[in-house]
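Let's walk through this one together, a sheet at a time. Have the structure open and follow along.

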Amino acid sequence: GAAPISGHTAVALDSGGLLVYADCTNPAHIGAVQGVVGNAYSPGDLAVVQTDFELVHAGWSFAPGPVLAGLSGALVQTLPVGAVFSQVVAHALSATLVLVDIQPPIVLT
């Protein structure tokens, strides 16, 4: 990507083909969400984008169920105000464990 990417975030491709944080309030990200990164990356690094795997993060506190792409790469279970699409990117299996499973976006506006 053109900017640093934190681990445990949803990512999309921008118009130049670079990885950026997926953002459900950005209409350009409808259909551009690629998956979730498990590690952090610096600008210009080759990143591994996961689309079908289990990911653990002690900082999460999910309820079992769908996990969505939120603002600026955040993984959320409730969409923020201003969301223009909803996209399941994972399913929480426990508070700190998700199964990444990218689903098609649903346009809200």
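Start with the open sheet of three strands, which come in the order E2-E1-E3 and pair antiparallel. Strands here, like helices, are DSSP runs numbered from the N terminus, with at least two residues for a strand (E) and at least four for a helix (H or I); two strands pair if DSSP finds at least two bridges between them. E2 and E3 sit at the edges with a single partner strand each, so one side of each has no neighbour in the sheet. On average, neighbouring strands of this sheet are turned by 40° against each other, direction ignored; that angle is taken between axes fitted as lines to C-alpha atoms, with angles running from 0 to 180 degrees between N-to-C directions.

A word on what you're looking at: this is a predicted model, in which local features need pLDDT of at least 70 and side-chain atom pairs count only at pLDDT 80 or more, while totals for chains, interfaces and linings use all residues. Residues are numbered from 1 along each chain as its sequence is written, and side-chain values use heavy atoms, with hydrogens and water left out.

Back to the sheet. Strand E1 (residues 9-13) pairs with E3 in the antiparallel sense over four bridges, and across that pairing Val 11 stands opposite Gly 35 in E3. Just upstream, in the segment before E1, you'll find His 8. Its phi is near 65°, a positive value in a residue other than glycine.

Now, which loop holds His 29? The one between strand E2 (19-21) and strand E3 (33-37). His 29 counts as buried because its relative accessibility is 6%; buried means under 20% relative accessible area, exposed over 50%, and partly exposed in between, with a 1.4 Å probe and protein chains only. Leaving out residues up to four places away in sequence, His 29 touches Ala 12, Val 20, Tyr 21, Ala 22, Asp 23 and Phe 85, where a contact means heavy atoms within 4.5 Å.

Move on to strand E4 (residues 52-56). Phe 53 and Leu 55 make up its covered face, whereas Asp 52, Glu 54 and Val 56 lie on the uncovered one. That fits the usual picture: in a regular strand the side chains alternate between the two faces of the sheet. E4 is joined by five bridges to strand E9 (residues 97-101), and the two run antiparallel. Leu 55 has Val 98 in E9 opposite it.

What about aromatics? A search of the whole structure finds one aromatic pair. The ring centres of Trp 60 and Phe 62 are 5.4 Å apart and the planes meet at 45°, so the pair is tilted. For the cut-offs, rings of Phe, Tyr and Trp (its six-membered ring) pair if their centres lie within 6.5 Å, and planes under 30 degrees apart count as stacked, over 60 as edge-to-face and the rest as tilted. Both Trp 60 and Phe 62 are buried.

One more backbone stop: Ser 72, in the loop between strand E5 (65-69) and strand E6 (75-76). Phi of Ser 72 is near 50°, again positive in a residue other than glycine, and at 48% relative accessibility Ser 72 counts as partly exposed.

Finally, zoom out. The chain has zero helices and ten strands. Of its 109 residues, 37% count as buried. Among contacts between residues at least 6 apart in sequence, 51% join residues at least 24 apart.
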